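This report describes a single protein chain, moving from its overall layout to selected local sites. The sequence and the structure are shown first.

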Amino acid sequence: MPVAETDANPRTPYQYPMPADALPEIVIPDALAEGDERMWVKQAENVYFRPLCLNRSQGYWMNLLKVTKSGVLSRHRHPNPVHGFVLKGRWHYLEHDWFAEEGSYVFEPPGETHTLVVPDDVDEMITFFQVNGAMVYCDPYGKQIGYEDVFTKIDMCRAHFENVGLGADYADRFIR
Ligand code: FE
């Protein structure tokens, strides 16, 4: 039976506290607004990310990835799935013939190795990515040359926020 049929007061809020062990929610107003440049962590030349949720308890991270003109997100392999939603601009992978346009949803299955490039006619792209597990940076033949995971992301955020004067602890608000 649909729940609504048994609920005489559908607009009455839940009357009890959340579970004592539940983690606090994260709310980031205007996450896409570019008012405060300090929110964007530099990751490579013309590549920045804005942390939204750094989930160390489950090993994934949600972030806005920003790549400006002629930026390249280095070739990497995903052992776990990635979900992406393009909020602005356009990009493609050197390994595929499709383009991710503004408004596109992209699922990257485990096993993908790819190189993200923003074409020259796009000044800037921003994509919301949920990345699970790790990104394994590699050469064109799959030999590993580096990696990122939620812990390297947290370290980068702490260093960045310390650097821009917000303090390393500023990263804590994104960590669960
Ligand atoms: Fe990727």
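The sections below cover the fold, the metal site, the aromatic residues, the cysteines and three selected regions.

## Overall architecture

The model is predicted. Its chain of 176 residues is 40% buried, and its C-alpha atoms occupy a box of roughly 60 × 45 × 30 Å along the principal axes.

The secondary structure consists of two helices and 12 strands. Read from the N terminus, the order of elements is α-β-β-β-β-β-β-β-β-β-β-β-β-α. Among contacts with a sequence separation of 6 or more, 63% link residues that are 24 or more positions apart.

## The iron site

An iron ion has three protein donors, given here with their atoms: His-76 (NE2), His-78 (NE2) and His-114 (NE2). The distances from these donors to the iron ion run from 2.0 to 2.1 Å. Along the sequence, the donor residues follow the spacing H-x1-H-x35-H.

Burial has been evaluated for two of these histidines. His-76 has a relative accessible area of 2% and is therefore buried, the cut-off being under 20%. His-78 is likewise buried, at 2% relative accessibility. Water is not among the atoms, so the site may look incomplete.

## Aromatic pairs and cluster

The whole structure contains eight aromatic pairs. One of them joins Tyr-93 and Trp-98 in an edge-to-face arrangement, with 5.6 Å between centres and 80° between planes. The two partners differ in exposure: Tyr-93 is buried at 2% relative accessible area, whereas Trp-98 is partly exposed at 32%. A further pair is formed by Tyr-170 and Phe-174, whose ring centres lie 6.0 Å apart; their planes meet at 65°, so this pair is edge-to-face. Tyr-170 is buried, with a relative accessible area of 16%, and Phe-174 is buried as well, at 4%.

Tyr-93 and Trp-98 also belong to one aromatic cluster, together with Trp-91 and Phe-129.

## Charges over rings

Two basic residues are placed over aromatic rings. The charged end of Lys-153 is located over the ring of Phe-49, at 3.9 Å from the ring centre. Arg-173 is positioned over the face of Tyr-170, 3.7 Å from the centre of that ring. Tyr-170 thus takes part in a ring pair with Phe-174 and also lies beneath Arg-173.

## Cysteines

Why does Cys-157 lack a bond to the closest cysteine sulfur? That sulfur belongs to Cys-53 and is 11 Å from the sulfur of Cys-157, which is too far for a bond, given that a disulfide requires the two sulfur atoms to be within 2.5 Å. The structure as a whole holds zero disulfides.

Cys-157 is buried, at 0% relative accessibility. Cys-138 is also buried, with a value of 3%.

## Helix α2

Helix α2 spans residues 150–163, a total of 14 residues. From its first C-alpha to its last it reaches 20 Å, close to the 20 Å expected at 1.5 Å a residue.

The buried residues of α2 are Val-150, Thr-152, Lys-153, Ile-154, Cys-157, His-160 and Phe-161. The elements covering them include β1 (41–44), β2 (47–55), β3 (60–68) and β12. Lys-153, listed among the buried residues of the helix, is the residue whose charged end sits over Phe-49.

## His-92 and Lys-143

His-92 is part of strand β6, which covers residues 90–93. This histidine is buried, at 16% relative accessibility. Apart from neighbours within four places in sequence, His-92 contacts Trp-98, Phe-99, Thr-115, Leu-116, Val-117 and Pro-119. Trp-98 in this list is also the partly exposed residue that pairs with Tyr-93.

Lys-143 occupies the loop between β11 (134–138) and β12 (144–149). Is Lys-143 buried or exposed? With a relative accessibility of 58%, Lys-143 is exposed, since the cut-off for that class is over 50%. Beyond neighbours within four places in sequence, its contacts are Tyr-137 and Cys-138. The latter, Cys-138, is buried, in contrast to the exposed Lys-143.

Note on methods:
Residues numbered from 1 in each chain as written. Predicted model: local features only at pLDDT ≥ 70, side-chain atom pairs only at ≥ 80, totals over all residues. Heavy atoms only, no water. Donors = N, O, S within 2.8 Å, 3.2 Å for Na, K, Ca; no water. Buried < 20%, exposed > 50% of the residue type's maximum accessible area, 1.4 Å probe, protein only. Phe/Tyr/Trp six-rings, centres within 6.5 Å; stacked < 30°, edge-to-face > 60°. Lys NZ or Arg CZ within 6 Å of the ring centre and 35° of its normal. Helix = DSSP H or I, 4+ residues; strand = E, 2+ residues; numbered from the N terminus. Contact = heavy atoms within 4.5 Å. Expected span 1.5 Å × (residues − 1).
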